[in-house]
Every structure is written in structure tokens, then in C-alpha cells.
Amino acid sequence: MRPARLPTARTYSGAASAAGPLLFVRSTRRAQLGEWVQIELEGQPERRGQVIDVGTEVTVIQVFEDTLGLRPAGAKITLTGETATTTVGKDLLGRALSGTGAPLDGLPSSIGETRRPIWGAPINPVRRQRPSDFIETGVSAIDGMNTLVRGQKLPVFSAPGLPGIELAADIVENARPSRGEPFAVVFAAIGITERETQTFVSRFRESEVMQRTVLYLNQASDPTIERLLTPRVALTTAEHLAFTHGFHVLVVMADITHYAEALREIAAAREEIPGRRGYPGYMYTDLASLFERAGVLESGEGSVTQLPIVTLPDGDMTHPIPDLTGYITEGQIVLSRELHQRGVYPPVDVLPSLSRLMNAGIGGSNTVPEHREWADQLYAVYARGREAKLMAAIVGTEGLAPGDQHALDFTDSFEQRLIHQGRQRRALTDTIEIGWSLLETLPRDELIRMSEATLQARSERDRNGEDAK
Amino acid sequence: MSEARIIRVAGAIAEARPLGDVALYELVEVGERKLLGEVIRLEGEVATIQVFEETTGLALNEPVRPTGGSLMTELGPGLLGSILDGVGRPLQAIADRSGDFIAPGMALPPLDPDARWTFSPTVSSGAEIAEGDVIGTVEERPGLVHQILLPLGTQGRVARIEGGAYTIKEPIGALEDGTPLRLSHRWAIRKRRPMVRRLAGDRPFITGQRVFDFLFPVAEGGSVAVPGGFGTGKTVIEQSLAKFAKADVIVYIGCGERGNEMAEVLHDFGRLTDPETGRPIMDRTVLIVNTSNMPVAARDASVYLGMTVAEYYRDMGYHVAVLADSLSRWAEALREIAARLQEMPGEEGYPTYLANRMSRLYERAGRVETLGSPSRTGAVTFISAVSPPGGDFAEPVTQGSLRVAGALWALDAGLAHQRQFPAVDWDTSYSLYVEATSAWFSAEGSSDWSELRSQTMRLLQRDRELREIAGLVGVDALADDDRLVLEGARIAREFLIGQNAFHEHDAFSAVAKTHSLAKLLWDFMNRGGSILSDEAGFEKLDLATVRLAFGAVKNAAPSDLDAMVSHATDAIANMGTP
């Protein structure tokens, strides 16, 4: 990773100017793009920064800590000759660290196994393995309807007041690798509140879940620009656990919205031409450099699976943050305020939700053979029922066609029995059974997504089940 | 003159001075790691360079060296089945050198320099030959003959030419003036390859997707824009076309998209076989892969590289389909570079020349008479996914595409949420190739093809009106024949337009199957109409049996199709009899 000829550390005294999170330094011979910088000022804690624009006249440094009280003229600026790295190793499991990897749990710094650059390198597409291993999350709306597979990036689209983090915590607590392989969780808190952090962390602190978890916490009160580093530090650790030690790593990143805002802040400070809603034009590329770090390698044992949380500003799916996220990730789990208000937990609206990698992870011996047809059929009836519901609000249920009426009745029981499950873990087999019991209330000609063979196999199984009783 | 040095680096852009006598779009080597870059602006002694590789770690004062040429690619046997990055380096060879993760600074040619190809000449010594002429053939893949073309700007009398096994570097002969003849030649990817003239497209490009072949066909040599918000199925459509559509060669450009998707393409294409030839799909495919986390400037190059490869096979007389996913990422790369150059932004921050660049790109599609003898016709069909922000088509990339594309396949999030796939919105989609291709469909499909098509379009329109009314007054309040329209349209949506890309037998629909389903739909409408006109109530229609029969036709294996169609015909004939 390192450039062949590495300049050693050079120290300059005094920056020309400062603006927001940026520091402008004159005449820095051989400054490198991405170079790690230390900024010292008497009587103030050391600050860290990174070179984001090198020029013969002016070099721009992005400062990760708060720049309040930073006097450019008095600053001692050291260009370290290295790009940002972080300590990685198995001994990080069970630790709580700051957004850049400093210990927060009162224990000494981890020794680690090695240091890795946090920016990562793209996985060569020909060395990727097609993700196809089912992860049982214990959540019906995901396992049954929008299956998660190893190496996938599947965000939760939440909104203020909706239990996005709670759902992520459920998954972390309940997810099981299919064959009992080593499993680890990396949690990156990006600008979330103390309360949200506690929601997540307090559930595992005493349990064994914590022993397989690494926490990186950049909270709301921590420096904003540090948020650009936190997910990268977390992903570097995740990649190390996955591709060096063979762990199946689930990375929870909350909240991508705060990350994007930090990105916008830097872009504005650099006086860049803003894109939609003031977010920079390269936000797609930047987000991709995080999300694309999920995957499975052909050569290795482990995998990196991502579960980012995105809080939709004003619940708007077309806002640039969820929009660009959706274009990069392999689907999305969408939470609905309406379901939440009706007490459905988790309040997953399955219609706009999607798992693009579902097909590879289901069916056959992965889950149950009829999984695809089962899910398609539930979707079709539920979609029809939701449309019928709108229509019924105008014309009343009597005015509906018989098929629409069936679908309408189905809709309520689908939400109450299949989607709603409270905090309980539900095994996939139970999810499938509940789905079947809902479908069996419908006439045969409504089940057009089901093949004759599947229905036959099902009724045979039912008969055998009854015989057994 | 002293060597040029880097004076500034920001993102994918570097500036160097003094670069002397370089040309715009000249390829340069940037820094000690020799990263690939391209000169995109010259101002006095200062050259601005877009760098095709990761720039982190580039330092001031590192050297920059001009190469004397623009971004070229090597065209010759061995392209089929290969997987190239945006600037044409084989990803497999990169993996062999740098492992699972891509390291910058590797110059690798697209074609394997050591592979040997068996060449048979088609001209002999003494022949007068000119640019574009076929001088011989190589069987590149079983069944696919690669014509060796005389490069542009070359002509003369053949001094010697000999069959045998050659690598692309070895001469296969020479002209009398001493010019050596080789199996491959180089081409600057931003330049379109010339042709004698454009021809009208009158043959449809058979996609195997009913909604396209039947309702919104595209001609060979045509171009289509496929805009859709995320999750509307753009990628599934592009992949289905790559797998099943009728073309000699497929160029698939994964531009700024997902790495896992490319892994899936590689996995599937290696295993699937072409039903007609029985050969692996990968044998007719060139994959160009620049995932979203690979360097942004290479995204710009990847689209031109794909077009160049396509034009090259077109020049051999083949029909090539270029599937680009997605053009928006290409446009965003232009925007990102333009912003770094502090160019005055146009609409939504895109550079003002975006529409022009897009038109020029789309216009590289076409059916043509190629240069050289023997005379050949070839075609490049261009199908491009567009990812409009927020799914709103009123944005520069979608609008710029519509100005030049001959067809619009608009994907709709509402349909996708109902799991109606392909989620093509039949109200907003259109095709300008309907007229031109109707003669072919009438001859090769069936004489009633056009009539069935226009009836079905009217049915779908009427259905939309009726559903608005039904939403106000309820279905029961509609007249019986209007209810029949609703049922017919539902059959059309579920069994004719709807197609399951993951069903073994439904993923590809031959023209005959598409016609059967359309015909059955109108059998149903006509039979239903005559039952209702006999004063029978709507409830008398046995819809359940008919719908099951339609489902059976839709999912029928080719060998069962006739049986299923006649079963459905019977079900329709009997639907009014208790």
C-alpha cells in the first residue's frame, strides 16, 4: 500500500489561514494527497488532520477535531509521511473505542496485530464470490420476505422516532450463521446520541454478544469531521477480522445521515459547487467507497456484511442520502410510521423493501424450496390488499371485487401475524409456516404465483403432518 | 526541457508543469507509480490531468511523462470472454499480480500477448487491399469467426501472407511497402470507427422480454434509454438481455455499479448456455467493469471502451448489443471532474457539454455498411440504464437520453413495489421502431402481430381510465363489458407483460410464445364479449380456470408450449358453459 519512496515527517510552523474545519498551509514540499497530519498548539490538545488538496502554493488540510480556538499562525504542523492507519487485531473484540480507535473503556490501548490504512482498496470484482449464504436474522419481515445474505449491504431506512437502531440491535443479538462459523459484530456509531448508543450497547454489555463485538463510538457531541473516519476505521477492522481470521462480520453503521452531513460540511468549507440539496456531487462515489467494502472473497473464509442505518430526513425516500444509498446498496429495509403507530414491531413496510441478493440465498437447501414462490405470492396479495384498502376508503368494502376483498382481509392478518413479532426471535421455519397459514385462507385462483407442484407438495406435507398426529 | 512535475493534486485531478508539446486527451504516466492519466486541459505550461487510478499518496514534485498517444485499446482475437476494467486492463491479470484487492499503477494490455491463434488468410500475395478489408479469419470461440481487418490508414499490395498459429504480436505477413500485417491493431477509444454509410434498421432486436418485443420493440442498431429509480429492476433487465437476447456479441458495461452484481454476472454467465448454440454465454460476451468504488475517471473511459469494442465486432459484420449500466454514473463522473476543474456548471451541476457528449455516444449505435471488402453490414444496438435521482425523470441525464434514444423503457417504482416485473410503465414508455419492425414481426411472427399490439395498447389505456372510475364508484357499479376490460387488462399485466426473470422457462420468451399469449388474451376478450352479449352476467365467466391456464402457458417449457396453448384455448372456449 505504501508509496515506494516515502518522505519522512516534516514540521512547519504556522498555517496561512483557517476556515471552518480547513487549514491552509503554504509551501509544503512533497506533501502527499491523503497524508496524515498532526497539529500542535501550546496549551491545547493535539489535533489530527489529513491533506485533501496539495499544491505548490497552498496545501489544504482537513482537521478532524474541533477547530475552535485554533490559531493558524501559532500552530506547529507535522506532515507525517503516512496515510491514516488503524490498529487491527482479534484483541479488539469486546472493546469500546472512540470514533478513531482510542480506548473508551478505561483499558489500555490494544496492541493489535498490525496497522492497516483505513481507506481500503477496491476488491477486484473477479475475486469476489457471489454472495449466497443465508443469514438468519430472526426477523420474519427480513428472513421471509427480504432475505439477508453474507456479503450483502442492506440498509435500514428509518425516520426520526422509528426504531431503526432497535431493529439493528435485535438482528445483532439474534443473527446466527447457518453452520455455527465464527461470527463478530462491528458497530460504528456515527454522530448518534448517547441515548441511541445506549439503546444499542446496553443490551449486550453483560451478555456474551459483547465478547464478539467491537464498538467504535463517535457520538453527537464528538467532533463532526471525525465522522468521516469512524466508518472507515470500523470497516478496516471488519475486513481484517473477516479476511485474515475468517470471521463472518456484521457491520452496523448508525447513522449514515450524520456521515453525509459531515461530508457536506467539508464540501461547503472548500467552496465546492454543491449538488442536490447542498450535498457534494461526489457523494455517490464517497458512499460507495464505504458500502462497496462489503463482500465475500473467493479465496477466503470470512465475509463482511453491512447493515447501515439511514434516517430519512422528513421520511423522504427521494432525499439524496437515502436515494444515493439505495442506488449503491443491495436493497433496503423500509420502516413505516403507520405500522409503528399501530403497534406493529418491527414496523417494516415490505412493499418498498427489497433484498436484491435474496434469490441467491434462498430456496433449495438454503432455506425452503418454495421460498421464492411463497414470498412472491405473499407480496402479490399484500400489494393488492393495500391498493384495495385505499379503494375501500372511498367506495366502502362492499364495492370491492371479490378478489380485492380477500386481499383486504389478508392484509390485516399479514401485518399482525407475520410482520409483527415483538422482540421475540422467530425461526425461519416458523415464519414460513405462518405465511402458509395466511395463504391457505385464499382461493386457489388467487395463488397464481404458486406452481401446482408446490401446492401439491404442501398439501402432502399437511396430510403427513396430520397422520403423524 | 526539464521533466514535468506535479504541482497540484485534488481528488482525481492532478496538474503538472511544464508538459511541453502534449495534445488534449494525450495519455500520461503520473508520478513514480506511473498511474494512468489523460490530459484534459492545457493552459500555458500547465496541463490538467484526470487520473484513472487512486490518487491517494501522490506527492508534489513527482514526475509526469507524456506517452505520445491518446487512450488506446488493442482490438483483436481474445476480447470475447474477457473482463476488462474501465481503461481496458484485464481484471484477471490484475488479480494475478496484486491479489484480492486492486493496487494502482499496473500497465497491462487487454489481450493476452502469449495466446496463439490459428489464422487462415482470405487474401493472397499480390492482392490489392485497403483499410477495413478482411484479410483472413481466426476462430476466436467455437462458432464465432473473428475477421482480421486491415487497420485504418493502411493500403497496398500484399507481399506475403501465410496461415498458421500466431500471437497478436507476430507478423502474419507484410505489404510490399514493408508494413507488417498483424492479428490485432490499436484504436483510440474516444474516436468512433468509420463506416461507409448508415442503414435503416428494419429488423427487431429480439430481447426475449415480451413487454419489449411485443409493445416497445427496438430495431437492430437502435438505442434505448431505460430510466428507473433504485429497485425498479434496471439491472435485472440489462442482465436478462445480456443472457437471452439475440445478438452475436454482447458488450456489458458495468459503469459505477455494484461489485457483488458483477460477481453475480460472472457466476451466471460462466454457467449459462445459449439455448440456440449450446455454448456458454460468456463466449459471446465482453465485460467491462468499473465498480462504484473504482476510480471515477475510469468510469468516463469505460463507456467509450465498450463502444469501441462493439464497433470493432460490428465492422466484422456482426450484430452487437451494448448494455450499459448505468449512464448516470458516467455522467456523474463527468460532473465530478468538471467540478474539480471549476467549470461553470449547467443544470444540476452537470457540465454544459453533457447533452452533447451523450448525443455523440448514443449516435455510435446504428446499423451500417462497413468499410472494406467483402461488403458487410453490422449493427450496434445500445441499451442504456439511467438512474434518475429520486426516480424523477425531469433531470439532465434522462432528458438528454430521450433527445437521442429511439425508445424509452420507463421503469416505475409503484409497479416494482407491487412486484410487477419487468416494471415497465406502459403509459410513459414508447418506441419509435414500431413501424419499422412491424413488417418483420408480421412475416416472422404472425400476420396479426401489429393488430394484436395496437388492441392491447388500447386495452391497457382503457383499463387505466376504468380503474380511476372504479376507484370512485366501486367495481360493482361498472358495466359488465367494462369489468371484462379490467379482467383482460389484469391478464395482460400478469401473464403477457409480467415475466419472471428467475423462472427457468419464463425468463426468455420466444417470439412464438409471446404471440401465443397475446393471441390468447384476445381470444379471451372476444369470447368473454360474446358471452356477455348473450345477456349472461359477468359472474358466469369461469375466470379461475382461464387464469390458471394462462399461467401454465407463461411458464411452459418450449416442448410443452403447444399443449398448454391448446389447453388454454379450450378453457377460454368453455368459460361460459357451467
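Analyst: Two strands pair if DSSP finds at least two bridges between them, and a strand is a DSSP run of E with at least two residues, just as a helix is a run of H or I with at least four, both numbered from the N terminus. The structure is a predicted model, in which local features need pLDDT of at least 70 and side-chain atom pairs pLDDT 80 or more, while totals for chains, interfaces and linings use all residues; side-chain values rest on heavy atoms, without hydrogens and water. Residues are numbered from 1 along each chain as its sequence is written, with chains lettered from A and ligands numbered from 1 in the order of writing.

User: How do you know that β23(B) and β24 of chain B pair?

Analyst: Four bridges join β23(B) to β24 (residues 377-386) of chain B, and the two run antiparallel. The rule for pairing is therefore satisfied. Within β24(B), Gly378(B) is the bridge partner of Val368(B). Strand β23 (residues 366-369) of chain B also pairs with β18 (residues 197-199) of chain B, in the antiparallel sense and over three bridges. There, Arg197(B) has Glu369(B) as its bridge partner.

User: What makes β10 and β16 of chain B the edges of their sheet?

Analyst: The open sheet has four strands in the order β10-β13-β15-β16 (chain B), with antiparallel pairing. Each of β10 (128-129) and β16 (180-181) of chain B has a single partner strand, so one side of each is left without a neighbour in the sheet. Inside the sheet, β13 (residues 156-161) of chain B and β15 (residues 173-175) of chain B share three antiparallel bridges, and Val158(B) has Leu175(B) as its bridge partner in β15(B).

User: What makes the span of helix α10 of chain A close to the expected one?

Analyst: The expected span is 1.5 Å times one less than the number of residues. Helix α10 (residues 371-395) of chain A has 25 residues, for which 36 Å is expected, and its first and last C-alpha atoms lie 35 Å apart. Just after α10(A), Gly396(A) takes a positive phi of about 80°.

User: How many residues of chain A and chain B are in contact, and how much area do the chains bury?

Analyst: Counting heavy atoms within 4.5 Å as contact, 78 residues from chain A and 79 residues from chain B take part. The two chains bury about 6,700 Å² between them, 55% of it on carbon and sulfur atoms; buried area is the accessible area (1.4 Å probe) lost on putting two parts together, summed over both. Leu33(A), Arg130(A) and Tyr327(A) supply 11% of the area that chain A buries against chain B, more than any other three residues.

User: Why is the meeting of Arg8(B) and Asp53(A) called a salt bridge?

Analyst: A salt bridge needs a side-chain nitrogen of Lys or Arg within 4 Å of a carboxyl oxygen of Asp or Glu. For Arg8(B) and Asp53(A) the N to O distance is 2.6 Å, so the pair qualifies. The rule finds five salt bridges across the interface of chain A and chain B. Among the elements of chain A on the side that touches chain B, β5 (44-55), α6 (283-291), α7 (320-328) and α10 each supply at least two residues. The largest share, seven residues, comes from α10(A). Strand β5(A) also pairs with β1 (residues 4-10) of chain B in the antiparallel sense over two bridges, with Val54(A) facing Val9(B) as its bridge partner.

User: How do you know that Asp316(A) and Arg277(A) form a salt bridge?

Analyst: Their closest N and O atoms are 3.3 Å apart, and the same rule is therefore met. This pair links distant parts of the chain, 39 residues apart: Asp316(A) is in the loop between β16 (303-311) and α7 of chain A, Arg277(A) in the loop between α5 (256-269) and α6 of chain A.

User: What makes the bond between Arg17(B) and Pro18(B) noteworthy?

Analyst: Most peptide bonds are trans. The bond joining Arg17(B) and Pro18(B) is cis, with omega about -10°, and Pro18(B) lies in the loop between β2 (13-17) and β3 (26-30) of chain B. The bond from Asp325(B) to Ser326(B) is also cis, with omega near 5°.
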